[in-house]
Amino acid sequence: MIGLVVKNTGSGYWVKSESNGQLFECKIKGNFRIKGIKSTNPVAVGDRVSFDMPTEGPGWITAIEERKNYIVRKPTNLSKQLHIIAANLDQLLLIVTINHPQTSTVFIDRALATSEAYQVNAKIIINKTDLYDDEETEYMKALIYLYETIGYECLAVSAKTGENIDKLKEMLQGKTSLLSGNSGVGKSSLINAIAPEFETKTGEISDVHNKGMHTTTFSEMFELNENSYLIDTPGIKGFGTIDFKKEEVGHYFPEIFKESANCKFGNCTHIHEPGCAVLQAIENHTISESRYTSYLSILDDCEEGKYR
């Protein structure tokens with residue numbers, strides 16, 4: 001049988017049959033691994049799989065169809081294996097907040113770099129606009145200007161008031177979309193605003209640390225309509241840049257990659273070399289210092305034996 005993996009339960013998977021739409025609980029063999037990918041989970045939500053159903057008990061996933069793409073996050077431990085969040089995506093919707101809690105630009109840039117590396121189109125959704133004071137609203141506008149100038153589509157929304165939820169719904173039509181972001185940015189609230197029938201859990205923000213509490217434990221796919229799917233994920237602290245090659249990091253920052261064509265040396269790292277067009281662009285404020293800081297932080301991860 002052929003089916004679509006729609007939920008990861010930790011101990012197994014729910015697979016939706018392609019032939020009749022029925023859901024089946026399935027497991028994988030202990031030695032089931034995908035060649036060339038070092039990951040903590042060999043099967044991910046969004047995978048198309050072959051599976052066998054015995055007369056009793058759960059089914060067994062026997063093969064995975066080739067993925068068009070996938071996206072990863074850092075593992076929770078210090079292992080050098082990545083965790084695949086979801087596969088076969090049309091877009092990543094990165095949910096961020098200016099406050100309640102604050103999403104750092106380093107987190108945003110790492111997410112965008114990861115989406116570039118794994119060939120997933122990324123868009124930035126800024127939630128909780130109803131909570132921001134004048135200063136925070138101005139910062140939000142500056143952030144939108146920065147990322148739209150680079151080429152990333154941005155949308156400011158409020159799950160609470162419904163601001164621009166109609167535009168968000170339009171953005172989802174005909175696509176398989178991954179919602180991701182830090183804990184507490186309101187992913188579940190946005191899903192409730194988009195499709196209340198899914199009744200996803202919502203969590204409270206910790207007043208002490210201004211950080212979100214995890215409410216989603218495992219990735220799950222929701223079918224909005226016949227051609228539109230939304231994948232909800234656990235709140236994450238960081239995206240997986242562990243397998244980036246140092247000389248390729250600049251490729252995942254579109255404005256740095258574009259400017260690097262004018263560098264004096266072809267193997268320029270954009271740190272200290274003479275004739276570096278990227279450093280000149282930063283000095284001229286045509287490349288953001290915050291983006292360059294994020295670029296350096298990923299380079300730091302690439303150091304031999306370095307992982308944080």
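**Exercise 1. Locate Ala277 and describe its surroundings.**

Solution. Ala277 belongs to helix H6, which spans residues 277-283. The model is a predicted one. The next step is burial: Ala277 has 11% relative accessibility, so the residue counts as buried, the cut-off being under 20%. Then come the neighbours. Setting aside residues up to four places away in sequence, Ala277 touches Glu259, Asn262 and Cys263. A distance completes the picture: the C-alpha atoms of Ala277 and Ser260 are 6.1 Å apart, although 17 residues separate the two along the chain.

**Exercise 2. Decide whether His270 is buried or exposed, and list its contacts.**

Solution. Start with the position: His270 sits in the loop between H5 and H6. Its relative accessibility is 6%, and therefore His270 counts as buried. Apart from neighbours within four places in sequence, His270 is in contact with Ile256, Ser260, Cys263, Cys276, Val278, Leu279, Tyr292 and Tyr295.

**Exercise 3. Place Thr233 and find the backbone oxygen close to its side chain.**

Solution. Thr233 lies in the loop that runs between strand S15 (228-232) and helix H5 (254-260). With 1% relative accessibility, Thr233 counts as buried. A polar atom of its side chain is 2.9 Å from the backbone oxygen of Leu179. That pair falls under the polar-contact cut-off of 3.5 Å.

**Exercise 4. Work out how helices H3 and H4 are arranged, and which residues join them.**

Solution. H3 covers residues 165-172 and H4 covers residues 187-194. Their axes are 10 Å apart, at an angle of about 90 degrees. Because angles of 65 to 115 degrees count as roughly perpendicular, H3 is roughly perpendicular to H4. On the H3 side the contact is made by Ile165, Leu168, Lys169 and Leu172; on the H4 side, by Leu190, Ala193 and Ile194. By type, these residues divide into six nonpolar, one charged and no polar.

**Exercise 5. Describe the largest nonpolar core and name the helix that gives the most to it.**

Solution. The largest nonpolar core has 43 residues. Those touching the most other members are Ile61, Ile108, Ile124, Ile126, Tyr147 and Leu178. Helix H2 (residues 134-150) gives the most to this core, with six residues. Take Ile126 as an example: not counting residues up to four places away in sequence, Ile126 touches Val96, Ile98, Tyr132, Met140, Ile144, Leu155, Ala156 and Val157. A second, separate core holds 26 residues, among them Tyr70, Val72, Ile84 and Cys302. In soluble globular proteins, nonpolar side chains tend to be buried together.

Terms used
Residues numbered from 1 in each chain as written. Predicted model: local features only at pLDDT ≥ 70, side-chain atom pairs only at ≥ 80, totals over all residues. Heavy atoms only, no water. Axes fitted to C-alpha atoms, helices over the stretch in contact; angles between N-to-C directions. Helix = DSSP H or I, 4+ residues; strand = E, 2+ residues; numbered from the N terminus. Parallel < 35°, antiparallel > 145°, perpendicular 65-115°, else oblique. Contact = heavy atoms within 4.5 Å. Nonpolar A, V, L, I, M, F, W, Y, C, P; charged D, E, K, R; others polar. Core = buried A, V, L, I, M, F, W, Y, C linked by side-chain atoms within 4.5 Å. Buried < 20%, exposed > 50% of the residue type's maximum accessible area, 1.4 Å probe, protein only. Polar contact = N/O pair within 3.5 Å; in protein donor to acceptor, adjacent residues only side chain to side chain.
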